[in-house]
Amino acid sequence: MNHRHLSRRYERLYYVLSRRMEKRVLKLISVLVLLLVVYQIMLQVPYFKKNVTLIDRMEGTPIQQKSSTEREQR
């Protein structure tokens with residue numbers, strides 16, 4: 001085998017492996033995007049949002065601001 005033949009063989013092997021990895025990475029990205037969309041949709045449902053996120057439980061109750069008429073009455 002000469003050097004040129006080995007070089008071409010290496011290039012073909014690299015091409016085949018890179019195509020396989022590219023397909024796998026694209027599938028992985030597709031699945032992750034799909035999971036992100038599903039998760040965002042689930043966050044729109046109050047029951048799931050309450051059980052999935054910690055932020056809503058940590059927020060507490062909102063502060064009620066007094067209106068300007070209540071301040072004037074004092």
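So, in what order do the elements of this protein run from the N terminus on? They go α-α-α-α. That's four helices and zero strands. Keep in mind as we go that this is a predicted model.

Let me start with confidence, then. The mean pLDDT of the protein is 84, and 85% of its residues reach 70 or more. Where is confidence highest, and where is it lowest? Helix 1 has the highest, with a mean of 93, while helix 4, residues 68-73, has the lowest, with a mean of 61. And as a general reminder, where pLDDT is low, please don't read the predicted coordinates in detail.

Okay, on to burial. The protein has 74 residues, and buried ones make up 3% of them. On the surface side, the protein exposes about 7800 Å², and 61% of that is supplied by carbon and sulfur atoms.

Now have a look at helix 1, which covers residues 3-42. Towards its start you'll find arginine 9. That residue belongs to a surface patch of positive charge, where Arg4, Arg8, Arg9 and Arg12 gather.

Staying with charges, how many salt bridges does the count come to? Just one. The partners are glutamate 22 and arginine 19, whose side chains meet at 4.0 Å, N to O. Why are these two about one helical turn apart? Because they sit three residues apart in helix 1. And are they buried or exposed? Neither, really: glutamate 22 counts as partly exposed, since its relative accessibility is 41%, and arginine 19 also counts as partly exposed, at 37%.

Last stop, the nonpolar side of things. There's a nonpolar patch on the surface formed by Leu34, Val38, Tyr39, Met42, Val45, Tyr47, Phe48 and Val52. Together these residues have about 690 Å² of accessible area. Two elements give two or more residues to the patch: helix 1 and helix 2, which spans 46-52. Which one gives the largest share? That would be helix 1, with four residues.

One member I'd like to point out is valine 45, which lies in the loop between helix 1 and helix 2. Its relative accessibility is 34%, so valine 45 counts as partly exposed.

So, to pull it together: we have a predicted model with four helices, a patch of positive charge made of four named arginines, Arg4, Arg8, Arg9 and Arg12, one salt bridge, and a nonpolar patch with helix 1 as its largest contributor. That's the tour, thanks for listening.

Methods: Residues are numbered from 1 along each chain as its sequence is written. This is a predicted model: local features need pLDDT of at least 70, side-chain atom pairs count only at pLDDT 80 or more; totals for chains, interfaces and linings use all residues. Side-chain values use heavy atoms; hydrogens and water are left out. Patches are made of residues with over 30% relative accessible area and no salt bridge: like charges are joined within 9 Å, nonpolar side chains (Val, Leu, Ile, Met, Phe, Trp, Tyr) within 5 Å. Accessible areas come from the Shrake-Rupley method with a 1.4 Å probe; for residues, only the protein chains shown count as cover. Lys and Arg count as positive and Asp and Glu as negative; His and the chain ends are not counted. The place of a charge is taken as NZ of Lys, CZ of Arg, CG of Asp or CD of Glu. pLDDT is the predictor's confidence in each residue, from 0 to 100. Buried means under 20% relative accessible area, exposed over 50%, partly exposed in between (1.4 Å probe, protein chains only).
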